[in-house]
Amino acid sequence: MISTLSSWLSLSDNRAKLFAALTVVLFATAGVGALTAPDGPHLTVDQQRPANNTYIALQGYQHEGRAIEVNPAGKIVWQYTKADDVFDIEALGPNRVQIATAEEIPDESCPAKYRNDGYENCVRDSLRIVEKSTKKTLWNYSWYDAKLQHHELHDADHYVVDGEDRWVMVDMGNNRVFAVNRDKQIVWQWNATDTYEFPKGMDKEGDWTHVNDVDRIRPGVFRISLRNFDTVADLHVQENGSVTVTPVVGPNSYSKSGKILYEQHNPDTLANDTLLVADSEHDRVVEIRNNTTTWTYGGSGMFDWPRDADRLSNGHTLITDSYNDRVVEIDQNGKVVWAIKTGSLPYEADRVPGEGSNGPTASQLGIPNRTEGASVVNERVDWGVAMAKYVLPNDLAQQLVTMLFGLLALVGAVIERLR
């Protein structure tokens with residue numbers, strides 16, 4: 001039988017038929033896999049359901065971004081779709097949410113300064129206060145910038161000073177952090193060029209600081225994430241509006257080293273001035289105190305570019321695993337007890353009514369360290385699948401490996417046929 005098969009395969013025409021059949025099978029498998037994939041968010045781990053709903057901000061791969069609220073069973077109970085990309089959603093009360101958005105605008109609809117600036121289209125960044133019941137925008141603060149990528153509004157924080165509402169925002173494209181009042185007046189601002197030297201040779205619209213997070217941790221002190229510095233820093237704002245900068249973790253300069261953090265997102269401050277940080281390019285979540293990593297959870301075998309982590313009041317940790325398109329919740333034993341597949345590149349998640357990180361540290365809870373690596377091949381495959389989602393439908397991109405083998409079989413069929 002083996003000799004017969006060998007004899008049959010010795011003919012190019014037969015090999016072409018085999019490769020053609022394999023091509024059909026592989027592409028059909030990919031198609032069936034994409035068509036039968038679950039539609040919309042769904043639970044993948046359901047061992048301990050949370051008591052409350054969860055807000056999830058979906059950035060989107062191809063302008064399908066939205067803000068959603070899911071119940072403990074993983075079903076969408078509310079959503080907001082009036083934006084291309086959504087990066088942050090926070091509760092401001094039972095019927096109001098704060099949403100940080102970015103929308104790509106065609107050049108012809110952009111302000112004059114961005115119409116012929118050498119970049120295709122422009123971006124409108126907008127912080128919106130939305131009435132949940134009607135989805136009506138009650139208040140917004142918006143500005144335009146040169147382009148979408150690396151120029152979005154990733155975070156904002158609401159606070160009150162002497163009875164006056166204020167919002168502090170990170171302006172990534174202009175490398176600044178600023179605060180406005182309800183009348184949309186800027187009450188203070190910090191430009192990175194006030195403290196650091198802009199890199200020589202970098203385009204003026206280049207991705208320099210990538211400032212992506214801000215939290216008011218106490219009156220006059222705002223903690224920010226300078227992602228491309230691998231640094232978390234504090235802005236000390238005086239009554240006259242002057243600002244000084246103190247690094248908390250990482251170098252006090254532009255860095256590409258990633259010694260402690262590597263392009264982090266959403267640092268939160270826990271007890272004892274401990275930081276809980278999504279250490280994104282290291283594919284992990286860490287706690288840091290006095291420049292020392294005290295807890296590590298993740299690795300490329302578990303996460304792929306996590307961008308948010310919240311310590312909940314019950315001691316659980318809610319983690320947004322961006323390139324794996326999911327949000328997971330781990331308990332005090334470090335076990336995943338709830339997970340939801342979201343699709344559409346989640347950026348951050350908050351447990352309603354907006355607890356954020358107000359729980360104890362991992363050392364106080366006794367959460368064990370856990371790190372799982374992945375092979376270089378698996379890391380490259382995961383990266384390829386993630387990049388494919390920017391150009392292919394999400395469900396089809398998940399079948400990337402099968403489609404690539406199908407493409408190789410097709411090339412083999414053509415080559416053998418030509419022979």
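Which residue forms a salt bridge with Glu103? In this predicted model, the partner is Arg128, with the closest N and O atoms 2.7 Å apart. The pair links distant parts of the chain. Glu103 lies in strand E6 and Arg128 in strand E7, 25 residues apart. Both Glu103 and Arg128 are buried. The contact is also part of a wider arrangement: Glu103, Arg124 and Arg128 are linked in a network of salt bridges. In general, side chains of opposite charge can pair when their charged atoms come close. The structure as a whole has 17 salt bridges.

Strands E6 and E7 also figure in the description of the disulfide. The structure holds 1 disulfide. Cys110 and Cys122 form this bond, and their sulfur atoms are 2.1 Å apart. Cys110 sits in the loop between strand E6 (96-105) and helix H3 (112-115). Cys122 belongs to strand E7 (residues 122-131). The two cysteines are 12 residues apart, and the pair links distant parts of the chain. The torsion about the S-S bond is about -105 degrees, so the disulfide is left-handed. Cys110 has a relative accessible area of 1% and is therefore buried. Cys122 also counts as buried, because its relative accessibility is 0%.

A second salt bridge joins Arg227 and Glu263, whose closest N and O atoms are 3.6 Å apart. Arg227 lies in the loop between strand E14 (221-226) and strand E15 (231-237), and Glu263 in the loop between strand E16 (243-249) and E17, so the pair ties together parts that are 36 residues apart in sequence. Arg227 counts as buried, because its relative accessibility is 8%.

A further salt bridge involves Arg351. The side chains of Glu329 and Arg351 meet at 2.9 Å, N to O. Glu329 is in strand E23 (residues 326-330) and Arg351 in strand E25 (residues 346-351), so the bridge ties together parts 22 residues apart in sequence. Glu329 has a relative accessibility of 2% and therefore counts as buried. Arg351, at 4%, counts as buried too.

Arg351 has another polar partner. Its side chain is joined to that of Thr54 by a polar contact of 2.9 Å. Thr54 is found in strand E2 (residues 54-58). With a relative accessible area of 1%, Thr54 is buried. Beyond its neighbours within four places in sequence, Thr54 is in contact with residues including Ile68, Glu69 and Val70. Its contacts also include Leu318, Trp338 and Ala349. Asp350, Arg351 and Val352 are among them as well.

Leu318 and Ala349 reappear around Asp308. Asp308 touches both residues, and its contacts also include Ile319, Thr320, Tyr347 and Glu348, with residues up to four places away in sequence not counted. Asn266 and Ala278 are among the contacts of Asp308 as well. The side chain of Asp308 reaches the backbone nitrogen of Ala349 at 3.1 Å. Asp308 is placed in strand E21 (residues 306-311). Its relative accessible area is 3%, so Asp308 is buried. Asp308 and Pro267 are 41 residues apart in sequence, yet their C-alpha atoms are 7.9 Å apart in space.

Pro267 falls within strand E17 (265-269), which is an edge strand of an open sheet. The sheet has 5 strands in the order E17-E18-E19-E20-E26, with mixed pairing. The other edge strand is E26 (370-371). Each edge strand pairs on one side only. E17 and strand E18 (residues 275-279) pair in the antiparallel sense over 3 bridges. His265 stands opposite Ala278 in E18. Ala278 is also one of the residues touched by Asp308. In a regular strand, the side chains alternate between the two faces of the sheet.

A separate antiparallel pair is formed by strand E9 (residues 156-161) and strand E10 (residues 164-171), joined by 6 bridges. The bridge partner of Asp157 in E10 is Val168. The hairpin of E9 and E10 has 2 residues between the strands. In this hairpin, Asp162 takes a positive phi near 50 degrees.

Notes:
Residues numbered from 1 in each chain as written. Predicted model: local features only at pLDDT ≥ 70, side-chain atom pairs only at ≥ 80, totals over all residues. Heavy atoms only, no water. Helix = DSSP H or I, 4+ residues; strand = E, 2+ residues; numbered from the N terminus. Buried < 20%, exposed > 50% of the residue type's maximum accessible area, 1.4 Å probe, protein only. Contact = heavy atoms within 4.5 Å. Polar contact = N/O pair within 3.5 Å; in protein donor to acceptor, adjacent residues only side chain to side chain. Disulfide = S-S within 2.5 Å. Pairing = 2+ DSSP bridges. Salt bridge = Lys/Arg side-chain N within 4 Å of Asp/Glu carboxyl O.
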